Amino acid sequence: MIYLKTPDEIDKMRKACELTSLTLGQVARMIQPGVPTHRLDTCAREFIVANGGRPACLGYGGFPGTICVEVNETVVHGFPSTYTLREGDIVGIDLVVELDGYHGDMCYTFPVGEVSPEVMNLLTTTKESLYKGIDACREGHRLGDICNAVQTYCEKRGYSIVREMCGHGIGRKMHEDPEIPNYGRRGTGPLLKNGMCLAIEPMVNMGSRNIVIESDGWNCRTRDRKPSAHYEHTVAIHDGQTEILTSFEPIREVLGDRFI
Ligand code: MF3
Ligand code: CO
């Protein structure tokens, strides 16, 4: 069942998403060659707790981190670890914060130092596809309009869409109905209504769409080990408008002209 939020609840979502965005801004300061990814995790956890939030991924289904760390071929759900970032890597940081009973969920894939033009193009295309999806996310449209917008944008540019992982409704729970695949047909699926809060998150591969889940049950990577990119915003539909509740602004402030 898709739970429609009241204006009061959307206000709480907005605050949770604000803390999520500020946290990712803190993490952004630390992204550089030589940093072990567990240090990014600690930074995120401490910042969230200091600001009255709860790191919602930590312990979720047994997940061991505050952030999911997605290096190069990792698609989603990578563990923070002793791996140190290298020049030319890309690293997605996926983060969920609970504040006052509501969740904010977002992801940003960072280039580490200088990254090849091919990989930069994967990043910009994936990020643009997120905004194409958000553009299609309007009251009175259907869910499939979002899915189709993301899919066509990426596939036209030669990239492939991961099928097994989806966006989702969000609110009191991290994952609520509906599931939001990054592929689908226009004009299909549930009607988009005021009160819906949705986490839209394209996961896009440079090579084939196939993935492998490692034996730890979490770490999800591309089968061909080519890179994968992931961007995510939490949005709310209210008063006939779609508001992006999370923000990449704190990241832009840190990265300056390296922001993509
Ligand atoms: N933020 C991700 C999502 O949208 C991943 C959360 S999984 C967790 O589903 F286990 F790490 F919490
Ligand atoms: Co999500």
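# Exercises: salt bridges, a helix and a cobalt site

Let's open with a pair to find in the model: Arg225 forms a salt bridge with Glu73, their closest N and O atoms being 3.8 Å apart. Arg225 sits in the loop between strands E12 (220-222) and E13 (228-230), and Glu73 in the loop between E2 and E3 (74-76), so the pair ties together parts that are 152 residues apart in sequence. A salt bridge here is a side-chain nitrogen of Lys or Arg within 4 Å of a carboxyl oxygen of Asp or Glu. Helices (H or I, at least four residues) and strands (E, at least two) are DSSP runs, numbered from the N terminus.

Before you start: this is a predicted model, where local features need pLDDT of at least 70 and side-chain atom pairs count only at pLDDT 80 or more, while totals for chains, interfaces and linings use all residues. Residues are numbered from 1 along each chain as its sequence is written, chains are lettered from A and ligands numbered from 1 in the order in which they are written, and side-chain values use heavy atoms, leaving out hydrogens and water.

**Exercise 1. Work out how Arg225 and Glu73 are exposed, then look at other salt bridges.**

Step 1. Grab the cut-offs: buried is under 20% relative accessible area, exposed is over 50%, and partly exposed is in between (1.4 Å probe, protein chains only).

Step 2. Arg225 has 48%, so call Arg225 partly exposed. Glu73, at 22%, is partly exposed too.

Step 3. Now try Glu98 and Arg54, whose side chains meet in a salt bridge at 2.7 Å, N to O. Glu98 belongs to strand E4 and Arg54 to strand E1, so this pair joins parts 44 residues apart in sequence.

Step 4. Arg221 and Glu214 make another bridge, 3.0 Å from N to O. Arg221 is buried at 12%, whereas Glu214 is partly exposed at 29%.

Step 5. Asp11, Arg14, Lys15 and Glu243 form a network of salt bridges. The total for the structure is 9.

**Exercise 2. Check the length of helix H2 and find its buried face.**

Step 1. The expected span is 1.5 Å times one less than the number of residues. For the 14 residues of H2 (37-50) that should be 20 Å, and the end C-alpha atoms are 20 Å apart, so the two agree.

Step 2. List the buried residues of H2: Thr37, Leu40, Asp41, Cys43, Ala44 and Ile48. Looking down the axis, they fall within an arc of 160°, so they line one face of the helix. The arc is that of the directions from the helix axis to the C-beta atoms.

Step 3. Turned away from that side are the exposed residues Glu46, Val49 and Ala50.

Step 4. What do the buried residues of H2 pack against? Their partners are helix H1 (7-30) and strands E1 (54-55), E2 (67-71) and E4 (90-99). Contact means heavy atoms within 4.5 Å.

**Exercise 3. Find what holds the cobalt ion (ligand 2).**

Step 1. Its protein donors are Asp105 (OD), His168 (NE2), Glu201 (OE) and Glu232 (OE), 2.1 to 2.2 Å from the ion. Donors are N, O and S atoms within 2.8 Å of the metal (3.2 Å for Na, K and Ca); water is not among the atoms, so sites may look incomplete.

Step 2. Asp105 is buried, at 2%, and Glu201 is buried, at 6%.
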